[in-house]
Amino acid sequence: MLPDAEAIRKAAHEAASQVAGKPIKEGQKIVSSGLIDSLSVLKLISLLEKKLRVSIPPETLQPEDFDDVDLIVETVQRVGKSME
Amino acid sequence: MPFNSSLYLVFLVGAVAIFWLLPPVARRMFVLVASLAFYATWGMVFVWMPLLVATLVFFCGKRIQTDAVRARSWARLGIGCLLALLAIFKYRGFFFANLPFAAGVIPRYNASLAASIAFPMGISFYTFEAIGYLIDVRQGRVKMPAFLDLCLFFLFWPNILSGPIVRARELVPQLSLRKPFESRFLFEGFDRVIWGLVQKTVVANVLGIWVDRGFSPTAAGIPPTLDAWFLTIAFGLQIYFDFAGYTNIAIGTARLLGITLPENFRQPYHAATPPDFWARWHMTLSRWIRDYLFFPINAKWHGAPLPLYLSLLGVMTLVGLWHGAGWNFILWGTLHGAYLVLYRIYESWKNARPNWDESRVIAVLWRIGTLLAVLVAWVVFRSADLNRALDILSAMFCRFSSGSRFAAACYAYAALLVLFCAAEPFLMRKLDEIEEHAGDEGLSAFRVLGRPIAYLFGLLLFLLFDTNNAQFIYSQF
């Protein structure tokens, strides 16, 4: 089963801040603003997979699916599969 | 009807006036008819092409949505047909000229027949939009709209010729065209249209005269070093002001109808690194390549170094080929791929050393190196053949010679434009501050006096300089 939305939000915030190299604010755009590039999005996905113990198949995703914390939560809920 | 013509200005003012006078319910049909009429001015024979693309996307998209078992096959079929159309209309001459065996496949192939088939304007742009659309439908990102919406999406006249390459999810929701009129649409729209006309006629066309002379295959031998640098910088400025000018007119035209199109440029010559250049130059093409090619490939390989480097080279070579069916474009794309690989190698070297602190000197060196690398690649892009490119590059970097073949005013004009580009971020900030200071409402001095004077001055410059009505460079792509 996928973690609940609050747990995903917390993990998304931590992972995005870690990849961006600085704390990100609620609603802050991280991909379309150029703060992180598409390769960093792959790192972000791998961090989320570790933190949430879920599998996120990135081949059908686009970098801007991870543009802010809300979108990350929505994307994980849409495509994430529990590894437990 | 090119954007940089008096006729287009008349068409634009008339179309915008009718659009806002019409009841909202009639606006969509009006924009479709106006778009068809605009596209037909480039040749009646190809009006069916964007309609064919819309029909194909509609047919395949519907099946992708309703036939889950064969959704992938429908997506592949649709994309295959779109690529086949692009290949037939844009690359057939190149393939037959460079793949001798291909001529044998079709024994009656006739080069003059191939050359006689004209090039549908904007096909590279709306084909990419269509491919993106099908992938987005397949990935559940967008729902198939009504056929009329799809026709409007592909035919929308402000961006049909040379972009910006728009995503369905950013334009289709705006195509209900039911927004009430706001005066800021006119200010924002005309600001961009008139600035775009000035960029094209006063800067790009003027530089183009000298660039054409200097890069001509018939130009005599190796140019003097000063001229080689001048021509290279002049072309870098010409292509920027030409394409940014076109984009400003496209974005401004859409804004006059209350529609927001995505930006395509963000002061590209201020790029700090090669990837940064592609985040600032032709941004809508860069993000298309990133979303539909680069990211899926590297996601599959989890960003491993070798697939990353190979994909950068491959994808950028395709970007070159997208620009035109010629070896100069392919080489230009591959060069940019090599720059990106070089930067990624440096980046992984840097990341392997957590204590490495990138000094300011290194950052400045990357900035200068990026600018130089971009300029070198422009020489290849612009030269009709490799020999001319090598002549100019050797004059720039190793076979130094004195002398000059242009009037002093030419060099001074280019130097002035370089200064403008250097100051562009500062000037843009200042303009934003003035706009912010004027506020959303009220009649400030800027609005009552500044804008009309600036518009009149811009139009006057356009009329004075618009003598040769030169095409936009990107309209060939």
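Okay, let's start with one residue: Glu26(A) sits in the loop between α1 (5–20) and α2 (38–52) of chain A. A quick word on those labels: helices are DSSP runs of H or I with at least four residues, strands are runs of E with at least two, and both are numbered from the N terminus. This is a predicted model, so local features need pLDDT of at least 70 and side-chain atom pairs count only at pLDDT 80 or more, while totals for chains, interfaces and linings use all residues. Residues are numbered from 1 along each chain as its sequence is written, and chains are lettered from A and ligands numbered from 1 in the order in which they are written.

Back to our glutamate. Is Glu26(A) buried or exposed? Glu26(A) counts as exposed, because it has 9 C-beta neighbours inside 10 Å. The cut-offs, with C-beta atoms placed from the backbone: 20 or more other C-beta atoms within 10 Å is buried, 12 or fewer is exposed, and in between is partly exposed. Glu26(A) also lies 8.3 Å from Asp70(A), C-alpha to C-alpha, with their positions 44 residues apart in sequence.

Now the rest of chain A. You'll find three helices and two strands, and along the sequence they run α-α-β-α-β. The C-alpha atoms fill a box of roughly 35 × 25 × 15 Å along the principal axes. The radius of gyration is 11 Å, which agrees with the value near 12 Å for a compact globule of 84 residues. That's over C-alpha atoms, and the globule rule is 2.2 Å times the number of residues to the power 0.38. As for burial, 38% of the 84 residues make the cut. Of the contacts in chain A between residues at least 6 apart in sequence, 67% join residues at least 24 apart; a contact here means C-beta atoms, placed from the backbone, within 7 Å.

Next, where chain A meets chain B. Chain A puts 10 residues into the contact and chain B puts in 13. On the chain A side, that's four nonpolar, four polar and two charged. For the classes, Ala, Val, Leu, Ile, Met, Phe, Trp, Tyr, Cys and Pro are nonpolar, Asp, Glu, Lys and Arg are charged, and the others, Gly among them, are polar.

On to chain B, which has 20 helices and zero strands. Its radius of gyration is 24 Å against 23 Å from the globule rule for 477 residues, so chain B is as compact as a globular protein of that length. The C-alpha trace spans about 65 × 65 × 60 Å along the principal axes, and 39% of the 477 residues are buried.

Two helix pairs to look at. How do α3(B) and α4(B) run relative to each other? Helix α3 (residues 48–66) and helix α4 (residues 71–98) of chain B pack at about 170°, axes 8 Å apart, and they are therefore roughly antiparallel. By class, their contact has 11 nonpolar, one polar and one charged residues.

The other pair is α16 (residues 327–351) and α17 (residues 360–382) of chain B, at about 165° with axes 8 Å apart. Among the residues making that contact are Trp332(B) and Tyr339(B) of α16(B) and Phe381(B) of α17(B). That contact divides into nine nonpolar, two polar and no charged residues.

For both pairs, axes are lines fitted to C-alpha atoms over the stretch in contact, and angles run from 0 to 180 degrees between N-to-C directions. Under 35 degrees is roughly parallel, over 145 roughly antiparallel, 65 to 115 roughly perpendicular, and the rest oblique.

Methods: Contact = placed C-beta atoms within 7 Å.
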